[in-house]
Amino acid sequence: MNIFRLAGDMTHLASVLVLLLKIHTIKSCAGISLKTQELYALVFATRYLDIFTHFISVYNTIMKLIFLGSSFSIVWYIRRHKLVRRSYDKDQDTFRHYFLVIPCLILALLINERFTFREVMWTFSLYLEAVAILPQLVLLQRTRNIDNLTGQYVFLLGAYRALYILNWVYRYFTEEHFVHWITWISGLIQTLLYADFFYYYFQSWKNNVKLELPA
């Protein structure tokens, strides 16, 4: 554990809390892509298959439980909660997310560190997480009406991965044999997908105007 990893974890946790705050207190999921949330639920479900069989630390187990529980609860809120689901914009959230799932699974079967079920699923989760934000970004571009909590949620998600890249750089220079190309490349692609959003987010903050993405 180092400061970049801890900061990344806390930023990721903060993004989840911001989204849950929006859904639970305002009873609204306006501007939130159900497709992206379903992809994240699949990411965590396939990544943490070892949650009850491979103990690393109490901290690690708690974080796994939080991300698993929160991702599925968010999907439930948007799909089933009688008030929250009314604000879901199904007509705009039309990204065909299964077009992301199938290629990621095929890629994980072809490119992995070890050809075992758990390792392939872990690799699949890395590939899928790298592109899971795409439905959300497309939805924001279509609606262009981005409230503060939604903007903060997406920003924190991108910042979490950027901090993880700093964590990998730190570990590369301080630990022997720390080389994980699949993780690194996936994380870099994921961070680059946020570049356009980051630009407009900082522009809105700098000029004190409402955040809008170009159509």
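**Exercise 1.** In which helix is phenylalanine 117 found, and does this residue count as buried or exposed in the predicted model?

*Solution.* Begin by locating the residue: phenylalanine 117 is found in helix α5. Next, take its relative accessibility, which is 60%, and compare this value with the cut-off, since exposed means over 50%. Phenylalanine 117 therefore counts as exposed. As a last step, relate the residue to another part of the chain: phenylalanine 117 and leucine 211 are 94 residues apart in sequence, and their C-alpha atoms are 42 Å apart in space.

**Exercise 2.** Decide whether threonine 150 is buried or exposed, and then find which residues it is in contact with, leaving aside neighbours within four places in sequence.

*Solution.* First, place threonine 150 in helix α7, which comprises residues 148-174. Second, note that its relative accessibility is 1%; because buried means under 20%, threonine 150 counts as buried. Third, list its contacts beyond those sequence neighbours, which are Lys22, Ala30, Gly31, Ile32, Gln136 and Leu140.

**Exercise 3.** Describe which residues of helix α6 are buried, and what covers them.

*Solution.* Start with the helix itself, residues 134-143, in which Pro135, Gln136, Leu137, Leu139 and Leu140 are buried. Then look at the surroundings, where the cover of these buried residues includes α2, α4, α5, α7, α8 and α9. Finally, follow the chain to arginine 144, just after α6, which takes a positive phi of about 65 degrees.

**Exercise 4.** How much of the span 121-140 is helix, and how far apart are its end C-alpha atoms?

*Solution.* First, consult the unreviewed UniProt entry, whose "transmembrane region" annotation covers several spans, including residues 121-140. Then turn to the model, in which this span is 90% helix and 0% strand, with its end C-alpha atoms 29 Å apart.

Conventions. Residues numbered from 1 in each chain as written. Predicted model: local features only at pLDDT ≥ 70, side-chain atom pairs only at ≥ 80, totals over all residues. Heavy atoms only, no water. Helix = DSSP H or I, 4+ residues; strand = E, 2+ residues; numbered from the N terminus. Buried < 20%, exposed > 50% of the residue type's maximum accessible area, 1.4 Å probe, protein only. Contact = heavy atoms within 4.5 Å. UniProt positions renumbered as here; feature names shortened; annotations may be inferred.
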